[in-house]
Amino acid sequence: MNSLMRKLTANADPAPSTPSPSEFDPSESVRKGKSFDLGHGSEVFHVPRFFPAEQSWAWFDYLNKHVPWSRPTLRIFGRNLVQPRDSCYVAAEGLPAISYNGHSPRAYSWDDFPPLKDILDAVHKALPGSRFNSLVLNRYDGNNDYVSWHSDDEVLYGPTPEIASVTFGCEREFLLKKKPSKMSPASGDEPKSKRLRKSHDPDQHSFVLKHGSLLVMKGYTQRDWLHSVPKRAKPMSIRINLTFRCVLR
C-alpha cells in the first residue's frame with residue numbers, strides 16, 4: 001500500500017458521500033471514455049479515470065472495512081473448491097435469488113451500505129437509460145486471487161445484459177476472448193499456444209482497469225465473449241471490483 005493510500009485510508013470518513021457536482025460530474029467524466037465495437041452487436045465502453053482519485057480511495061477504505069466479505073466453497077466439475085476471491089451480493093428487495101456453482105449468496109440491501117447508493121447514482125447519471133438493481137462485489141486480496149474465464153449469460157439477466165464494472169484499489173488486467181463457434185472452421189494445425197501469442201487478435205482484448213475506472217459490457221458481449229481477471233506473478237495489493245447488473249423480475 002503506497003503512502004497516499006495509507007494517508008487516505010487513515011483519514012477516510014466511515015460513510016463517504018459522492019463529491020458535489022462542482023467536483024465531479026459523471027456525465028462529463030464519462031466523455032473521456034472510449035467505445036470498442038467487438039462485432040455482431042457486442043460492445044465494451046471503457047473510462048480509465050471515471051471517479052476522482054481521493055473519493056475512490058475513501059470508498060475503497062469503506063468497502064474494504066465494512067462489507068461482510070466471504071469466500072464460499074463452490075462445486076466445480078464434481079469437486080469442492082474455495083472461491084479464489086472474496087465476494088458479497090447486494091440486491092433490491094423482491095428480486096429472484098441468484099445461485100452459481102452450488103452457492104446461493106445472501107442478498108444484502110442497498111441501505112446496508114449507503115456509499116454504494118452514491119456510486120450507483122453516479123453510474124446511472126453517466127449511463128442514461130441504464131437501471132441497475134443488483135451488485136456483485138469482489139475483493140482480490142493479492143496477485144493469486146482471480147476470476148477464471150466465464151460469461152454472465154444467466155437467464156435472469158436477459159439476452160443482452162448491460163454490466164457496469166467499477167474498480168477501486170490495485171489495477172488489474174481484464175481479459176476478453178471470443179467464445180469458440182461451433183460453425184467456424186478449424187484453425188488448421190497451428191498449436192493453440194502459438195495462436196494465442198499472436199498480436200492484434202480481433203478475438204482477444206485486454207484492458208487495464210485502474211483505480212476509479214469504469215468498464216461497461218453491452219449488447220451480446222455475454223452471449224459471444226468470455227472474460228477473466230487472471231493471476232499475476234508479481235505481488236499486488238487489494239483490488240475491489242463492483243459489477244452492477246439488472247436482474248429481471
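**Core packing and local environments in the predicted model**

In the largest nonpolar core, which holds 36 residues, the members that touch the most others are F51, L63, L116, L137, F168, L242 and F244. Two or more residues of this core come from each of several elements, namely strand 2 (42–47), helix 3 (53–66), strand 5 (86–91), helix 4 (114–126), strand 7 (134–141), strand 9 (163–169), strand 12 (213–219) and strand 14 (238–245). Helix 4 supplies the largest share of the core, with 6 residues. The structure described here is a predicted model. In soluble globular proteins, nonpolar side chains tend to be buried together.

The surroundings of L137 illustrate the packing around one of these core members. With residues up to four places away in sequence set aside, L137 touches L63, V67, W69, D86, S87, C88, V90, L116, N241 and L242. A second core, separate from the largest one, consists of 13 residues, including L38, V147, F174 and L176.

At the level of the whole chain, the model contains 6 helices and 14 strands. The protein chain has 249 residues, of which 46% are buried. Among contacts with a separation of 6 or more, 80% are between residues 24 or more positions apart.

The arrangement of helix 3 and helix 4 was examined next. Two packed helices are described by the angle between their axes and the distance between the axes. The axes of helix 3 and helix 4 come within 10 Å, and their crossing angle is roughly 140°. Helix 3 is therefore oblique to helix 4, as angles over 145 degrees would be needed for a roughly antiparallel pair. The crossing of helix 3 past helix 4 is left-handed. On the side of helix 3, the contact is made by W59, Y62 and L63, and on the side of helix 4 by P114, P115, L116, D118 and I119. Sorted by class, this contact comprises 7 nonpolar residues, no polar residues and 1 charged residue.

Strand 9 also contains S165. This residue is buried, because its relative accessibility is 7%, below the 20% limit for burial. S165 and L214 are 49 residues apart along the chain, yet their C-alpha atoms are separated by 5.6 Å. Apart from neighbours within four places in sequence, the contacts of S165 are L209, S213, L214, L215, N241, L242 and T243.

A further set of contacts involves Y220 and T221. Y220 is located in the loop between strand 12 and helix 6 (221–224), whereas T221 belongs to helix 6. With a relative accessibility of 31%, Y220 counts as partly exposed; T221, in contrast, is buried, its relative accessible area being 2%. Excluding residues up to four places away in sequence, Y220 touches H40, G41, S42, P159 and T160. The C-alpha atoms of Y220 and E162 lie 9.1 Å apart in space, with their positions 58 residues apart in sequence. T221 is in contact with L38, S42, E43 and L176, again leaving aside neighbours within four places in sequence. Of these partners, L38 and L176 are included in the second core. The C-alpha atoms of T221 and G41 are separated by 7.6 Å, although the two residues are 180 residues apart along the chain.

H40, which is among the residues touched by Y220, lies in the loop between strand 1 (34–39) and strand 2. The phi angle of H40 is positive, at about 55°, although H40 is not a glycine. H40 is exposed, because its relative accessible area is 67%, above the 50% limit. A positive phi, of about 50°, is also found at F77, likewise not a glycine. F77 is placed in the loop between strand 3 (73–76) and strand 4 (79–82). With a relative accessible area of 85%, F77 is exposed.

Towards the start of the numbering, D25 occupies the loop between helix 1 (3–11) and helix 2 (26–29). D25 counts as partly exposed, at 37% relative accessibility. The C-alpha atoms of D25 and F50 are separated by 9.6 Å, and the two residues are 25 residues apart along the chain.

Methods
Residues are numbered from 1 along each chain as its sequence is written. This is a predicted model: local features need pLDDT of at least 70, side-chain atom pairs count only at pLDDT 80 or more; totals for chains, interfaces and linings use all residues. Side-chain values use heavy atoms; hydrogens and water are left out. A nonpolar core is a set of buried Ala, Val, Leu, Ile, Met, Phe, Trp, Tyr and Cys residues joined through side-chain atoms within 4.5 Å. Buried means under 20% relative accessible area, exposed over 50%, partly exposed in between (1.4 Å probe, protein chains only). Helices (H or I, at least four residues) and strands (E, at least two) are DSSP runs, numbered from the N terminus. Contact means heavy atoms within 4.5 Å. Axes are lines fitted to C-alpha atoms, for helices over the stretch in contact, and angles run from 0 to 180 degrees between N-to-C directions. Angles under 35 degrees count as roughly parallel, over 145 as roughly antiparallel, 65 to 115 as roughly perpendicular and the rest as oblique. A crossing is left-handed if the near helix is turned anticlockwise from the far one by less than a right angle, and right-handed if clockwise. Ala, Val, Leu, Ile, Met, Phe, Trp, Tyr, Cys and Pro count as nonpolar, Asp, Glu, Lys and Arg as charged, and the others, Gly among them, as polar.
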